[in-house]
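These are my notebook entries on a handful of places I looked up, covering helix packing, backbone angles and buried positions.

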Amino acid sequence: MNDIRLFRRVLRDAKPYWLSIFATFLVSLLATPLALLNPVPLQLAVDSVIGFEPLPPVIEWLVPVGLRQSQTGLLFFAAGLVIAVALLARLQNLAHWLLSTHTGERLVLTLQCRLFEHAQRLSLSYHDSIGTADTIYRIQRDATSIRAVALEGINPIVTAAFTLVAMVYVTFRVDWQLALVALTVTPLFTALIVWYRHRLRTSWIQVKDLESAALNVVQEVLTSLRVVKAFAQEKREQDRFRLRYGQGLESRLKAIHLTGSFDLLTGVTVATGTALFLFVGVRHVLEGVLTLGLLLLIMSYLAQLYEPLKSIGKKITDLQNALASAERAYSLLDACPDVADRPNGRRIDRARGHLAFRGVGSQYEPGNPVLQGIDFHVPPGARVGIAGKTGAGKTTLVNLMIRFQDPAVGEIQLDGIDLRDYRLADLRNQFAIVLQDPVLFSTSIAENIAYARPEASTAEIEGAARAANAHEFISQLPHGYQAPVGERGMRLSGGERQRIALARAFLKDAPVLILDEPTSSIDMKTETGIIEAMERLMEGRTTFM
């Protein structure tokens, strides 16, 4: 995406906060008149207190009549003006900081919520290919770019442009020749910005990609720490971490060096313009065209004239970092799920459980089919065993039923209707699944059971636990149903985790049940209790094992 397109998209997403952004912009504009007032006290002191020049007409009406008659009075006025301008500038800075902080944080949170919501909707194939660490990086880090672009990017550039125009106007009114001398550096600034912009964007995108890859190492190791420790591979993983982060650091340093060289060249350009201005300005004072006080005034304006130029240039180059993040964040939002709701999808409350495969074929890559010509039907309440060697397509068959993916050819029907015609959320509510390695969340036992139906009452949660033969061990825990299970349920044994997963399936009470080898990783004694619970769970449900 080019800069203009990204700016438009950011502004469109920031539409609910336009009023706050506009208020922030107005407050930032107050910096322009305050900047114009900064050198005025010095000019008054030099020309009207030390010298004998009359007060400028623009200032004269501000000075009380009693103070105009004495040098001491004018000096007091000039000193008071210094304090007043400084106080106003501090108040303006404080107001701008508060407004931009509140608005920026809300902008970031809104985009992060959108990214997280969209990431959940994306197909499993997307996350399998991209990796969860990259998605986390985009949600956590890249999303902050909207604040940098909408507030810290656009507002300062526009404010600097207004300040630049004001400074140029004032300088032209005082001495048009000096103004032209001051503006000779503008084409050089423009050329530097154009040359560096694209290189910085490319460099920062590379930094983000490498940092995301480094985060992937951290996530892989910490989520597989038992395997790492079991094989004593801590040193190897440390080396891999250092390598990945070293690549990211090297790329970041290249981007920083580019930014530093830009700052160096702009500094040299400003110094050249200032030298020319000083040379011509002193000649004008010697020739009587300007007073010394006016030269000091214009010299002060010159510093503030170049400051907006430097600010615009620096913001445009620094903005490439934020725009690189924005581009990555929006590429996540633009990713389309492989499985999506059809317009006006059919609603379904509770299915009978009649499933039929009609000439179904599936593939993950073109020309490499996993399943071909699958054709069978299962009446409601039947129990079906799916057997086959590794790679035969057992998991793919299950994924097709739940619509984690869609068939490449053929169709799957539930109660005589193509799965793709149902609303996705309604369809998946017809299935309960118990996995070989049950997934628990870092909350309490009660919340994990109620994950199937968050509105369930305490009595319903306890009833589901009893049906799954889980109530006895839960009751013996110090906090009972409110006991935390730890990350991924690691505070519980494998059999206890499996019983909670069964309780969750009981509570969901779906008409179709999928049991993915739920007893393969538990001991024989525990297996007996789980099989007994599964027998109760399968009653009256279409079951795939």
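**Helix pairs**

I began with H13 and H15, whose crossing is left-handed. The model is a predicted one, and I kept that in mind for each entry below. H13 spans residues 186-223 and H15 spans residues 234-286, and I noted an angle of about 165° between them, with the axes 9 Å apart. Since angles over 145 degrees count as roughly antiparallel, I entered H13 and H15 as roughly antiparallel to each other. I then looked at the make-up of the contact of H13 with H15, where the residues divide into 22 nonpolar, nine polar and eight charged.

Within H13 I picked out Ala-214, and asked myself whether Ala-214 is buried or exposed. Its relative accessible area is 1%, and because buried means under 20%, Ala-214 is buried. Setting aside residues up to four places away in sequence, I found that Ala-214 touches Arg-244 and Tyr-245. For Ala-214 and Tyr-245 I also wrote down the separation, which is 31 residues in sequence and 5.5 Å in space, taken from C-alpha to C-alpha.

Next I turned to H4 (residues 40-50) and H7 (residues 71-121), which pack at an angle of about 170° with their axes 9 Å apart. By the angle, H4 and H7 are therefore roughly antiparallel to each other. How many charged residues does the contact of H4 with H7 have? I found no charged residues there, against 10 nonpolar and two polar. On the H4 side I listed Val-40, Pro-41, Leu-44, Ser-48 and Val-49, which meet residues of H7 including Gln-71, Leu-74, Phe-77 and Leu-81.

**A buried aspartate**

I looked up Asp-13, which has its place in helix H1 (residues 3-13). The relative accessibility of Asp-13 is 19%, and since the cut-off for buried is under 20%, Asp-13 counts as buried. Which side chain does the side chain of Asp-13 make a polar contact with? I found the side chain of Arg-114, at 3.1 Å. Leaving aside neighbours within four places in sequence, the residues in contact with Asp-13 are Arg-114, Ile-146 and Tyr-330.

**Positive phi**

I then checked two residues that have a positive phi, beginning with Asn-344, where phi is about 55° although the residue is not a glycine. I placed Asn-344 in the loop between helix H16 (292-334) and strand E1 (355-365). Is Asn-344 buried or exposed? With 79% relative accessibility, Asn-344 counts as exposed.

The other entry is Arg-403, again a residue other than glycine, with a positive phi near 60°. I found Arg-403 in the loop between helix H17 (394-402) and strand E4 (409-414), and the residue follows H17. The relative accessibility of Arg-403 is 2%, so I recorded Arg-403 as buried.

Because Arg-403 follows H17 and is buried, I also looked at the cover over the helix itself. H17 is mostly covered, with seven of its nine residues buried. I wrote these down as Thr-396, Leu-397, Val-398, Asn-399, Leu-400, Met-401 and Ile-402.

How values were computed. Residues are numbered from 1 along each chain as its sequence is written. This is a predicted model: local features need pLDDT of at least 70, side-chain atom pairs count only at pLDDT 80 or more; totals for chains, interfaces and linings use all residues. Side-chain values use heavy atoms; hydrogens and water are left out. Axes are lines fitted to C-alpha atoms, for helices over the stretch in contact, and angles run from 0 to 180 degrees between N-to-C directions. Helices (H or I, at least four residues) and strands (E, at least two) are DSSP runs, numbered from the N terminus. Angles under 35 degrees count as roughly parallel, over 145 as roughly antiparallel, 65 to 115 as roughly perpendicular and the rest as oblique. A crossing is left-handed if the near helix is turned anticlockwise from the far one by less than a right angle, and right-handed if clockwise. Ala, Val, Leu, Ile, Met, Phe, Trp, Tyr, Cys and Pro count as nonpolar, Asp, Glu, Lys and Arg as charged, and the others, Gly among them, as polar. Buried means under 20% relative accessible area, exposed over 50%, partly exposed in between (1.4 Å probe, protein chains only). A polar contact is a pair of N or O atoms within 3.5 Å; within protein, one must be able to donate a hydrogen and the other to accept it, and residues adjacent in sequence count only if both atoms are side-chain atoms. Contact means heavy atoms within 4.5 Å.
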